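This report describes the surroundings of a bound ligand and the internal spaces of a protein. The structure is shown below.

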Amino acid sequence: MNPIRMVDLKGQYEKIKKEVDESVLQVIESTAFINGPKVKEFQAHLENYLGVKHVIPCANGTDALQVSLMALGLKAGDEVITSPFTFIATAEVVGLLGITCKFVDVEWDTFNLDVTQLEKAITPKTKAIIPVHLFGQSCNMEKIAEIAEKYELFVVEDVCQAIGAEFVFKNGEKKKLGTIGDTGCVSFFPSKNLGCYGDGGAIFTNDDEIARKLRGICNHGMFKQYHHELLGVNSRLDSIQAAVLDVKLAHLDEYNAARKKAAGFYNKMFENHLKLETPTISSFSTHVFHQYTLKMKNANREAIIEKMKEAEIPVMIYYPIPLHLQEAFCYLGYKKGDFPVAEKLCDCVISLPVHTELTEEQQRYICEKLLEELKN
Ligand SMILES: *Cc1c(COP(=O)(O)O)cnc(C)c1O
């Protein structure tokens with residue numbers, strides 16, 4: 001049995017080596033390292049895949065979020081609502097822009113924003129909601145869109161973990177996540193569902209004017225050469241990364257299907273276990289399983305993780321501390337008990353390896369070990 005990894009980028013590369021090597025070599029030979037034809041090609045292919053009017057490539061997912069807030073005109077003193085149960089980048093950029101981050105608790109079942117609690121967090125200063133499609137499935141976008149319209153708020157989707165997943169509207173219509181809000185923000189960090197070989201990111205929008213601003217801000221606020229209309233940033237996707245991504249985009253659906261299959265296997269192995277709760281999939285979303293995350297009940301999670309690591313099975317806690325209790329956010333004045341669901345999740349979640357190269361033999365080994373440890 002091959003060693004088990006949380007993400008097996010090596011195994012994945014071996015299968016697409018010829019295509020990737022050729023594509024990267026083309027960039028090197030062309031020397032068009034920045035904004036070359038590969039970036040344009042990938043951008044067009046991604047627009048087509050997502051069914052969105054504009055894809056604006058940028059340097060990483062964090063920048064995608066920051067540039068979105070800047071392009072929508074948010075400024076210091078405004079308020080933005082998001083989840084306390086996410087990677088820090090989502091809320092970090094809010095704080096860096098001097099915007100006040102207001103957290104709203106998440107749902108126990110899906111780990112995503114609890115839309116029934118959104119309205120009570122809205123104040124006259126609220127300008128935007130950032131729904132985070134955590135672990136690969138959608139927030140309730142229909143409800144979020146309805147609230148956003150009522151209070152005239154922007155919606156910036158954090159789709160860093162859910163590229164390729166779809167929201168299913170009540171009328172049966174489906175849309176790719178990241179194409180429903182005013183902007184969608186994605187990361188191409190190597191371990192994400194569509195990962196490059198370094199850092200990368202992109203912003204999606206269907207709005208021409210927002211697209212124009214996003215492009216300008218990513219390029220030092222420059223809309224006409226050496227005329228700077230706004231203060232921007234330097235955030236670009238390298239042509240070499242675009243070359244890798246263009247190859248991998250063609251495999252994305254197949255990759256996501258492999259993750260889903262692996263999740264299905266785990267679900268079967270852990271079905272009805274008294275100490276484990278398997279992931280719940282919302283009726284309005286497809287799931288691309290960026291993470292396969294269990295909740296543990298009446299178990300010593302830390303001791304079990306130690307035992308799993310001893311057996312060379314990598315497992316992770318996403319996330320051990322909710323954002324409202326992070327030291328970096330203590331200035332916001334939140335305290336323990338403010339978001340009880342997020343806090344309780346941080347104490348009981350465990351994510352198992354899930355990736356495109358996982359074999360049934362490896363999965364069986366992981367499951368047997370976990371089930372054995374749960375007996376103690
Ligand atoms: C990875 C991630 C980000 C940040 O993406 P980078 O490319 O690492 O900057 C933001 N939000 C979420 C939910 C993520 O998982």
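In this predicted model, the ligand is surrounded by 13 residues, and the closest of them are Gly61, Thr62, Asp158, Ser187 and Lys192. By class, this shell comprises four nonpolar, seven polar and two charged residues.

Three of these closest residues can be described through their distances to the ligand, as the table sets out.

| Residue | Atom of the residue | Atom of the ligand | Distance |
|---|---|---|---|
| Gly61 | backbone N or O atom | oxygen atom | 2.8 Å |
| Ser187 | N or O atom in the side chain | oxygen atom | 2.6 Å |
| Lys192 | polar side-chain atom | oxygen atom | 2.7 Å |

Gly61 thus approaches the ligand through its backbone, whereas Ser187 does so through its side chain, and Lys192 likewise contributes a side-chain atom. Taken alone, the ligand exposes 380 Å², of which the protein buries 92%.

The site of the ligand is the largest pocket. Two elements give two or more residues to the shell around the ligand, namely α3, spanning residues 61-71, and α4, spanning residues 89-96.

The pocket itself may be described next. The volume of the largest pocket is about 490 Å³. Its lining consists of 27 residues, and those nearest the centre of the pocket are Phe87, Gln161, Phe189, Ser191 and Lys192. Lys192 therefore has a place both in this central group and among the residues closest to the ligand, as the definitions of lining and of nearness are each met. The helices α3 and α4 each supply at least two residues of the lining. The largest share comes from α3, with three residues. Sorted by class, the lining of the pocket holds 13 nonpolar, 10 polar and four charged residues.

Enclosed spaces complete the description. Across the whole structure, a search finds two cavities of 30 Å³ or more. The largest cavity has a volume of about 60 Å³. Its lining is formed by Val7, Asp8, Leu9, Gln12, Pro190, Lys192, Asn193, Gly195, Lys248, Arg259, His355 and Thr356. These lining residues divide into three nonpolar, five polar and four charged.

Lys192 recurs in this account: a polar atom of its side chain lies 2.7 Å from an oxygen atom of the ligand, the residue is one of those nearest the centre of the largest pocket, and Lys192 also belongs to the lining of the largest cavity.

Methods:
Residues are numbered from 1 along each chain as its sequence is written. This is a predicted model: local features need pLDDT of at least 70, side-chain atom pairs count only at pLDDT 80 or more; totals for chains, interfaces and linings use all residues. Side-chain values use heavy atoms; hydrogens and water are left out. A residue is near a molecule or strand if one of its heavy atoms lies within 4 Å of it. A polar contact is a pair of N or O atoms within 3.5 Å; within protein, one must be able to donate a hydrogen and the other to accept it, and residues adjacent in sequence count only if both atoms are side-chain atoms. Accessible areas come from the Shrake-Rupley method with a 1.4 Å probe; for residues, only the protein chains shown count as cover. On a 1 Å grid over the protein atoms alone, a cavity is a set of points where a 1.4 Å probe fits but cannot get out, and a pocket is an open set with protein on both sides within 12 Å along at least five of seven lines; lining residues have an atom within 4 Å of a point. A molecule sits in a cavity or pocket if more than half of its atoms lie within 2 Å of its grid points. Helices (H or I, at least four residues) and strands (E, at least two) are DSSP runs, numbered from the N terminus. Ala, Val, Leu, Ile, Met, Phe, Trp, Tyr, Cys and Pro count as nonpolar, Asp, Glu, Lys and Arg as charged, and the others, Gly among them, as polar. Grid points are joined across faces, edges and corners, and a volume is the space filled by probe spheres set on the points.
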